[in-house]
Amino acid sequence: MENTLLIKNGIIITLGDNPKVLYKHSLLIENGLIKKIAPSVEFIDKYNKEIDASGKVVLPGFINAHMHFYSTFVRGLGKAKPASNFIGVLENLWWRLDKVLTLEDCYYSALIMLVNAVRRGTTTFIDHHASPKVIAGSLQQIAKAVKETGLRANLCYELSDRDGEEIAEEGLKENYDFIKYTQKNSDEFIKAMFGLHASFTLSDKTLEKASKLGKELNSGFHIHVAEAEPDEDYNVTHFGMRIVKRLDKFGILGNKTIAAHCVHIDENEMDLLKETGTIVVHNPQSNLNNAVGIADVVKIASKGILIGLGTDAMTVNMTEEIRVALWAQHLKQQNPSAGFMEIASTLFFNNAKIANRYWNVPLGKLEEGAAGDIVLVDYNAPTPLDESTYLGHLIFGISQSDVDTTIVNGRVLMENRILKIDIDEEEISGKAKELAEALWKRF
Ligand SMILES: [Zn+2]
């Protein structure tokens, strides 16, 4: 058989529409897709490769629905003046960092995060990029890093008027060119959306242009919405309406559009997101770190809005993010029992539904015909692990274990914690360190 990989002896947690916990089953990948999941005794052929998953759980690769690869070089950067509010965080740190990035920085920032993601079992990203001094070709640099690591990503450039008209024009063009490129190229590794920073940094004129191009391309938009209260205040003061209403006015909402954060949206805005099928992505670690508040995930989910989970670049570790999401929601609801299913669903079910609005191959679930994107995690369950308990195991136990093996499209990227991709971690960290040092001097 051509290009076959058999995973045997593991506990398979399928997730998906009909989640199962399967013992004594094996999973066969053929030509990048899951060909068959069945009792192990049924697999009697000779396969190209077999992986013994004894003592491990077998899961679909994790999906990160809101990310910024370009943030890598802030680690340890002490030069940013402490901010006392969210706008200060943008002005003192992010809007200074993005302006000193070179194309090479963009590439290495992404590469470091992506290799780390292979180690954490995160196999798909929806990223939001900014590098206002080097816009043209920046998304191709990130795409190059994604291809080299063998992962999947949906990329966009964050259009904004904050740096003037000329830079906004370049942002429009980079989104347009890159979306066109991915549509023409049409592979299942690199996808694209139309990136917008946030309503409060976009003029009517620029939004109008973005809306026209984005609709022509049918790519959906990826934008920060009501991350902090001043975003809403600015919109009410300057445009006479709340954020979601303004985005709707410009035709930005829709079932391929991601509204990241939504910490401060009101009930009317939720209804509008629901009516238009717009996706919300929750990023609790970032929100806690920036002291902006916690989105009401319970209420947003109760409206029937598709809400997923992102890390907003805090980490590439989705099981860490889901834990924080749960504790933060308990605090938000002032109730230690509230929101378990709503939060668990963001990562384990909804991120797959979100990804599947952009990818043709089904991601985020283990079933026949779905992508061969699989992670094996060391785990010996100390309590019964079955269909009634697996979500508790995922959040409270499996999340604390090491990812042993990461597979994307049937290709083994890491096995027994050893990288199988042609990248020397020490070498790229060394190069990144050199670039970061130079960037810190320019900062
Ligand atoms: Zn973000």
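What makes the arrangement of the 4 donor atoms around the zinc ion irregular?

**Zinc site**

The donor atoms subtend angles of 88 to 169 degrees, which makes the arrangement irregular; four donors count as tetrahedral if all angles lie between 85 and 135 degrees, and as square planar if opposite donors are over 155 degrees apart and all others between 65 and 115. This is a predicted model, in which local features need pLDDT of at least 70 and side-chain atom pairs pLDDT 80 or more, while totals for chains, interfaces and linings use all residues. Residues are numbered from 1 along each chain as its sequence is written, and side-chain values use heavy atoms, without hydrogens and water.

His66 (NE2), His68 (NE2), His224 (NE2) and Asp312 (OD) coordinate the zinc ion at 2.0 to 2.2 Å (donors are N, O and S atoms within 2.8 Å of the metal, or 3.2 Å for Na, K and Ca). Their sequence spacing is H-x1-H-x155-H-x87-D. His66 lies in strand β8 (residues 62-67) and Asp312 in the loop between β16 (307-309) and α11 (318-333), so the pair ties together parts 246 residues apart in sequence (strands are DSSP E runs of at least two residues, helices H or I runs of at least four). Both His66 and Asp312 are buried (under 20% relative accessible area, 1.4 Å probe).

**Nonpolar core**

The largest nonpolar core has 112 residues (buried nonpolar residues joined through side-chain atoms within 4.5 Å). Helix α2 (residues 103-120) gives the most to this core, with 11 residues. Phe194, Leu196, Val225 and Phe348 have the most contacts inside the core.

**Open sheet**

An open sheet of 7 strands runs β3-β2-β7-β17-β18-β19-β20, with mixed pairing (at least two DSSP bridges between two strands). Its edge strands are β3 (21-22) and β20 (418-419).

Terms used
Tetrahedral: all angles 85-135°; square planar, octahedral: opposite > 155°, others 65-115°. Buried < 20%, exposed > 50% of the residue type's maximum accessible area, 1.4 Å probe, protein only.
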